[in-house]
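Me: I am new to this structure and would like to learn how to read it. Could you walk me through some of its features?

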Amino acid sequence: MLGEIEDYAILFLDQHGFVRSWNKGSELIKGYTAEEMLGMDFRSFYTEEAQANKIPDHLLEEAVLNGKAHHRGWRIKKNGEQFWAHVTITAVYDEENEVIGFSKFTRDLTDKLNAEKALKEYARVLEFRNKELEQFVYIASHDLQEPLLTVKNFVGLLKKEYGEQFDENGSLYLDYIAESTEKMKHLIKGVLDYARLGTHEAKELVDCNDLMATLQEEFSEEIGALRLEVDCENLEVSYDNLPRVPAYEKALKQLFRRLFSNALKFRKKEGILKIQVTAAYEDQHWNFEFKDNGIGIEERYKDKIFLIFQRLNSKEAYPGHGIGLSHCKKIVELHGGEIFVKSALNEGSTFCFSLKNDK
């Protein structure tokens with residue numbers, strides 16, 4: 001059975017460290033044939049540096065003293081290539097408890113080592129990129145907004161002090177400038193909010209019922225004006241309730257607020273707007289459905305709506321900057337989930353998203 005194992009090099013050594021038996025894994029990992037390995041000094045599998053430092057001998061001594069020795073390091077194949085190995089050497093005793101040899105198990109961990117190196121390099125690059133992003137956020141929050149504020153202030157001064165001297169076209173141009181600077185201000189804020197999502201915040205248990213109660217209070221005027229019906233229920237329990245989930249509280253509140261706000265904004269002009277929020281637990285995730293009976297979305301736009309600065313409707317009909325749902329997507333992904341929409345034109349929308357229950 002040991003002879004047929006291919007994932008491990010399994011050798012038996014005599015008390016001096018010479019090979020007395022081997023398995024197929026030894027041939028595959030080290031590159032020697034069975035005939036070549038018989039009688040070899042196991043020290044030849046080690047690098048020159050390891051041999052100079054007497055590491056093979058120290059391992060045998062440790063196995064004699066403690067019964068077993070472990071070591072990770074570079075080993076040499078027949079063709080001269082090096083591989084990263086995990087080695088376990090165990091002393092073998094006779095009936096009088098005298099050491100008569102050793103068993104040696106070797107596993108090739110080169111692929112694992114390379115994967116770990118690649119992961120560390122990726123983490124290093126990611127940390128560098130994050131620092132760049134933080135620098136961008138700083139610049140955007142200060143340097144980009146300052147000239148916008150200057151333009152806005154001077155437009156206001158022009159209107160106030162020289163407004164009567166402008167003809168109809170001049171006044172229209174000033175209005176366009178003021179409108180564009182205001183739009184740019186909101187776009188910059190949206191990008192900043194997007195970049196800051198999930199930073200410098202720890203996860204905690206958040207009660208989604210409290211979130212919904214807060215939202216209804218925040219939008220109380222709109223709800224009263226629309227005769228809005230809100231229905232919150234949890235499909236996992238017998239009584240109406242939403243779960244407590246491990247989340248970044250500010251980000252999750254923003255997710256619920258944006259979906260709630262979208263339902264209000266894209267309602268039908270007639271009838272009562274209905275919003276229904278449900279949640280069910282499956283496969284370590286809470287799966288939410290945020291359903292409304294609004295204007296709905298065409299099939300071809302179901303992916304586009306989650307891209308930043310993408311709009312489906314004119315700003316005159318539905319004001320906004322095309323940022324909200326891109327924020328929702330990032331928030332859900334920060335929580336280890338996915339978001340998509342089920343919708344049909346004039347038949348309402350159901351935003352489905354999952355949150356990983358990892359606490």
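Reply: Happy to; we will look at a strand pair, a helix pair and the nonpolar cores. Please keep in mind that this is a predicted model.

Me: Let's begin with the strands. In which sense do S3 and S4 pair?

Reply: A general idea helps here: along a regular strand, side chains point to one face of the sheet and then the other in turn. In this case, S3 (residues 68-76) and S4 (residues 82-93) are antiparallel partners, joined over nine bridges. To find one of these pairings, go to Ala69, whose bridge partner in S4 is Ile89. Five residues lie between the strands of this hairpin, and Gly80 has a positive phi near 95 degrees.

Me: Now the helices. At what angle do the axes of H9 and H10 cross?

Reply: With two helices, look at the distance, the angle and the hand. The axes of H9 (residues 249-265) and H10 (residues 324-334) cross at roughly 145 degrees and come within 9 Å. The crossing is left-handed. Among the contact residues are Leu255 and Leu259 of H9, along with Cys328 and Ile331 of H10. By class, this contact holds eight nonpolar, four polar and one charged residues.

Me: And how many residues does the largest nonpolar core have?

Reply: That core has 38 residues, and Leu252, Phe256 and Phe353 are among those with the most contacts inside it. H9 gives the largest share, eight residues. Try selecting Phe256: residues it touches include Met212, Leu215, Phe288 and Phe290. There is also a second, separate core of 22 residues, including Phe42, Tyr46 and Ile89.

Note on methods: Residues are numbered from 1 along each chain as its sequence is written. This is a predicted model: local features need pLDDT of at least 70, side-chain atom pairs count only at pLDDT 80 or more; totals for chains, interfaces and linings use all residues. Side-chain values use heavy atoms; hydrogens and water are left out. Axes are lines fitted to C-alpha atoms, for helices over the stretch in contact, and angles run from 0 to 180 degrees between N-to-C directions. Helices (H or I, at least four residues) and strands (E, at least two) are DSSP runs, numbered from the N terminus. A crossing is left-handed if the near helix is turned anticlockwise from the far one by less than a right angle, and right-handed if clockwise. Contact means heavy atoms within 4.5 Å. Ala, Val, Leu, Ile, Met, Phe, Trp, Tyr, Cys and Pro count as nonpolar, Asp, Glu, Lys and Arg as charged, and the others, Gly among them, as polar. Two strands pair if DSSP finds at least two bridges between them. A nonpolar core is a set of buried Ala, Val, Leu, Ile, Met, Phe, Trp, Tyr and Cys residues joined through side-chain atoms within 4.5 Å. Buried means under 20% relative accessible area, exposed over 50%, partly exposed in between (1.4 Å probe, protein chains only). Lists of a residue's contacts leave out its neighbours within four places in sequence.
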